Amino acid sequence: MNAILEARNLNKRFGAIVAAEDVSVAIAADAVVGLIGANGAGKTTFVNMVTGYLKPDSGQIALEGNDITTLRPRQITRRGICRSFQIPQLYDTMTVRENLEIGLGILWLNRRRMAAESPAAAGAGKAASLDAAAQDILEQFHLAAHRDRIAGELPEGLRKLLDIAMALIARPRILLLDEPTSGVSADEKFDIMDRVMTAVHAQGVTVLFVEHDMDIVRRYSQRVLAFYQGRILADGSVRDVLADEDVRRHVTGA
Amino acid sequence: MRYRPYQALGLFTVVLFALVGTGLLLPAWQFLTTVALAKGMAVLGLMLLLRTGLVSFGQGLFYCLGGYAAGSLGQFWGITDALVLLVFGVAVAVLVAAILGLLMARYRDIFFAMLSLAFSMVLYGLLVKSQMLGSTDGFNLATPTLLGFSMGGDAGSFPLYVMACVLAWLAACGLYLYMDTPLGRLSHAIRDNEIRVEYMGASVYRAIYIKYIIAAALTGAGGVVAALAVGHIDPEMSYWVTSGEFVFVAILAGTGSVLAPFLGSIIFEVARSLATQYSPDTWQMILGVVMLVIILFLPGGLWSVFAHRRREPS
Amino acid sequence: MSHLPAVLADGVFYASWLFLIAVGLTLIYGVMRILNLAHGSFYALGAYAAASAAGAWLAQGYAPFGSYAVLIVAAVVAGCVVGPLIERFLLRYMYGKDEITLLLVTYAVLLIMEDAIKLLWGVDSYFLAEPYGLLGIFEVGNLIYPVYDLALFGVAVVAGIGLTWFLQYTRTGKLLRVVIHDREISAAMGINVSRFYLLTFTAGTVLATVGGALTAPMISVAPGIGIEVIVLAFAVVVIGGLGSLPGAALGALIVGLARASAVHYFPAAELFSVYLVMALVLIFRPRGLFAGAEVRKI
């Protein structure tokens with residue numbers, strides 16, 4: 001497999017807590033991978049390490065063969081890995097449109113730097129105008145109707161969508177979603193994931209998402225990684241992993 | 001809020017002409033307004049930092065540097081050309097900011113405020129002990145000139161007044177346009193959510209560093225003009241109380257518009273001169289009460305600066 | 001090196017004074033997370049109250065040594081009146097706002113009180129030199145110091161030990177440390193946080209007024225002393241770590257010795273040495289010497 005993202009022997013401890021133990025995984029381009037596991041099992045730690053928020057105690061992370069282990073979040077973003085957050089990180093006093101425009105503005109500021117590292121993103125930066133590019137994304141996510149609403153006043157589902165939209169603005173090659181449907185009402189969950197996945201497939205993006213909702217995992221992922229106490233318990237197709245005895249005991253409780 | 005550069009710049013130009021016109025009609029008004037506009041520039045610099053979520057309790061440092069740079073050029077090298085003094089004053093402020101900013105850009109909240117205060121007091125301490133620079137008395141500045149023509153003395157206070165108006169206009173226009181650029185817009189983004197800014201690929205440290213320097217330049221320019229207008233400089237310009245006054249005017253004015261610092265500064269100077277005339281020993285009390293009233297009863301526009309609430313359109 | 005004893009003595013005496021004027025500030029921050037700029041005007045209030053009361057006492061011809069008691073009583077009374085007033089009628093409505101807002105509120109109070117003091121006592125200077133010289137002098141080698149300075153050192157040590165003992169060993173003190181550690185948990189545990197705030201703020205105010213009262217015999221009590229002092233106390237507290245009692249002591253010692261060294265070896269640096277030290281500490285340990293070294297970054 002031509003791995004776009006590879007993690008090798010990642011280890012991370014917080015005092016006595018083992019957040020990651022010998023985590024190794026190779027992700028293929030355009031894959032859609034679900035990360036499951038109980039709280040504290042190491043899923044978010046993995047995401048944090050990949051996106052540069054945490055540095056592993058040992059091990060390497062490589063993006064298309066290039067070592068990104070010690071890079072900072074903004075450097076990793078510029079190389080084409082973006083993430084959304086469990087608690088949406090938005091600019092709460094600005095409108096939806098302004099939130100996106102900030103992202104586009106940053107893209108434009110980085111255009112030269114990013115052209116070398118992520119041609120797709122550089123292309124995005126050269127959009128006809130910030131307005132048009134923002135409008136595009138708003139439409140993809142069905143947020144256009146809300147563009148002049150203040151982000152801080154949006155309902156949770158829309159905040160999540162906006163958070164993910166902001167991650168997609170930079171046309172990343174890899175998108176990490178941290179619990180994209182948590183805090184969202186049951187009927188909205190599929191709607192959100194549908195919109196996200198449509199936009200994602202249109203751009204040809206590799207997706208890893210952390211989820212607790214097994215319905216979401218079953219419906220959208222091609223491959224599943226199950227975490228437990230910092231280790232990867234199982235790695236394979238949706239059906240195989242969810243049927244795995246250990247996974248059923250420690251993760252899904254099925 | 002959409003930026004409407006043409007309307008805004010048009011408005012600013014109208015205000016400029018109105019100011020100059022009023023100055024012609026009310027010559028007694030010129031001096032006070034010149035000083036107010038100069039301090040307004042300092043507050044404008046502070047406002048840029050406030051919009052980025054940072055409170056500086058030490059802008060007096062750059063205000064003082066600007067004044068003393070201009071004064072020193074005049075005192076020791078006999079240069080009186082106002083533009084040269086201005087450029088030099090701003091250059092000194094920018095140089096110091098470029099160095100201090102490397103450090104300051106790492107800090108936030110109360111630590112940023114404290115460090116800025118510390119640096120301004122270091123300068124104060126240095127100047128008070130500096131015999132060459134007049135110690136606590138400071139020294140006077142010679143009447144400035146512009147292209148050979150005197151800007152004071154027989155020419156009256158009008159030329160300097162016009163210079164202050166034009167500078168304020170330039171600063172307001174410049175900052176307004178700047179706030180609409182991608183880097184300018186980062187200010188509000190940083191104030192709202194630094195983490196998100198970093199995760200979108202921008203360096204918050206670098207952005208703050210740049211804004212710190214811009215703020216210093218504006219404040220330094222204000223210091224030069226104030227020094228030229230008053231004709232005297234002393235270490236008080238770097239004392240923490242001076243910085244506190246800038247903060248007060250910034251709160252009074254709010255961060256809603258680039259015109260606000262100037263308006264607020266004029267109101268402040270008028271109020272101060274009235275108070276000094278009629279009730280000098282209650283001026284501070286009035287300031288304190290007004291500040292409390294604003295903090296307690298006027299949230300929203302004036303207070304969105306600190307409470308990270310909805311910002312007003314520019 | 002013949003300067004060394006003088007530097008040490010000067011430094012320690014100055015440090016004692018600094019500790020006394022700074023300890024209330026750090027206590028209030030530690031419990032209430034408020035950087036109380038009005039602390040400076042409380043200090044001034046104490047100095048004025050002491051100067052008037054003790055001055056009147058001595059003018060009446062009463063026992064000179066009684067003036068010390070009068071000094072302290074006047075300060076305590078002033079503090080116990082002003083502290084609760086400000087806490088109950090102003091600060092109470094501001095808890096929960098961010099630290100910068102609170103800082104500005106206390107700044108406003110400082111401004112108001114500066115002029116209030118001017119209204120009450122006028123703009124002239126008060127002198128209360130007698131108590132300063134009353135205790136005589138003592139010699140350290142060939143250096144002469146007023147015994148008052150030594151007494152001040154003693155007061156500072158007693159205050160430091162007393163407060164530490166109070167916080168470590170008394171029931172109220174222990175509860176106070178719980179409040180310092182975590183406000184929400186304390187409230188959940190049933191501790192009357194509101195009453196502790198009142199108690200702490202009053203205590204901090206009294207520490208300030210007493211500090212001012214004890215200083216009064218050493219200076220000319222005039223408008224503006226509060227403004228000068230607050231920024232010094234501020235520096236001491238920041239160096240030691242906001243909210244830390246041992247930090248205030250260490251900070252006072254460092255600043256005291258730094259200034260004494262400057263005075264003797266490098267007079268031009270006397271004034272800014274304090275702020276330079278403050279800036280240096282902030283650079284390497286932004287939370288002060290007695291706090292974690294983690295920089296407040298993103």
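# Notebook: sheet of chain A, fold of chain B, contacts of chain C

I began with one residue pair: Gly34(A) sits across from Val224(A), a residue of strand 9 of chain A. I note at the outset that this is a predicted model.

**Entry 1. Strand 3 and its partners**

I looked up the pairing around Gly34(A). Strand 3 of chain A (residues 32-36) and strand 9 of chain A (residues 223-228) are parallel and share four bridges. I then checked strand 8 of chain A, where Gly34(A) has Phe209(A) as its bridge partner. Strand 3 and strand 8 of chain A also run parallel, and four bridges join them.

**Entry 2. The whole sheet**

Which order do the strands of the open sheet in chain A take? I read 6-7-8-3-9-10, six strands with mixed pairing. Strand 6 (81-83) and strand 10 (231-237) of chain A each have a single partner strand, so each stands at an edge with one side lacking a neighbour in the sheet. From one strand to the next, the twist averages 15°.

I also looked for helices against this sheet. Helix 1 of chain A (residues 43-50) packs on it and touches strand 3, strand 6, strand 7 (174-178), strand 8 (206-210) and strand 9 of chain A. The direction of helix 1 makes about 145° with that of strand 7 of chain A. Helix 11 of chain A (residues 245-252) packs on the sheet too, touching strand 3, strand 9 and strand 10 of chain A. For helix 11, the angle to the direction of strand 10 of chain A is about 120°.

**Entry 3. Strand 8**

I went back to strand 8 of chain A for its other pairing. Strand 7 and strand 8 of chain A are parallel, with five bridges between them. Leu175(A) has Val207(A) as its bridge partner in strand 8 of chain A.

Is strand 8 of chain A enclosed or left open by the rest of the structure? Five of its five residues are buried, so strand 8 of chain A is largely enclosed. I noted the directions as well: Thr206(A), Leu208(A) and Val210(A) point one way, while Val207(A) and Phe209(A) point the other way, and all are buried. In a regular strand, side chains alternate between the two faces of the sheet.

**Entry 4. Two residues with positive phi**

I looked up Gln229(A), which is not a glycine but has a positive phi of about 50°. Gln229(A) is in the loop between strand 9 and strand 10 of chain A. It counts as partly exposed because it has 16 C-beta neighbours inside 10 Å, where 20 or more would make a residue buried and 12 or fewer exposed.

Ser135(B) is another non-glycine residue with a positive phi, near 45°. I found Ser135(B) in the loop between helix 5 (109-128) and strand 1 (139-140) of chain B. With 14 other C-beta atoms within 10 Å, Ser135(B) is partly exposed.

**Entry 5. Chain B overall**

I counted 13 helices and four strands in chain B. Its C-alpha trace spans about 55 × 40 × 40 Å along the principal axes. The radius of gyration of chain B is 19 Å, which agrees with the value near 20 Å for a compact globule of 314 residues. Of those 314 residues, 58% count as buried. Among contacts in chain B with a separation of 6 or more, 78% join residues 24 or more positions apart.

I then checked confidence. Chain B has a mean pLDDT of 87, and 93% of its residues reach 70 or more. Which elements of chain B have the lowest and the highest mean pLDDT? The lowest is helix 13 of chain B (residues 304-307) at 43, and the highest is helix 9 of chain B (residues 204-230) at 96. Over residues 300-314 of chain B, pLDDT stays under 50, and the model has 34 contacts beyond four places in sequence for that stretch.

**Entry 6. Contacts between chains**

I looked up which chains touch. Two pairs of chains do, and the pair of chains B and C has the most contacts. Chains A and C have no contact, and their closest C-alpha atoms are 10 Å apart.

Between chains C and B, I noted 37 residues of chain C in contact with 38 residues of chain B. On the chain C side, helix 4 (99-121), helix 10 (225-240) and helix 12 (270-284) each supply at least two residues. Helix 4 of chain C gives the largest share, 16 residues. By type, the chain C side that touches chain B has 28 nonpolar residues, one polar and eight charged.

Key
Residues are numbered from 1 along each chain as its sequence is written. Chains are lettered from A and ligands numbered from 1 in the order in which they are written. This is a predicted model: local features need pLDDT of at least 70, side-chain atom pairs count only at pLDDT 80 or more; totals for chains, interfaces and linings use all residues. Two residues are in contact if their C-beta atoms, placed from the backbone, lie within 7 Å. Ala, Val, Leu, Ile, Met, Phe, Trp, Tyr, Cys and Pro count as nonpolar, Asp, Glu, Lys and Arg as charged, and the others, Gly among them, as polar. Two strands pair if DSSP finds at least two bridges between them. Axes are lines fitted to C-alpha atoms, for helices over the stretch in contact, and angles run from 0 to 180 degrees between N-to-C directions. The radius of gyration is taken over C-alpha atoms; the globule rule is 2.2 Å times the number of residues to the power 0.38. pLDDT is the predictor's confidence in each residue, from 0 to 100.
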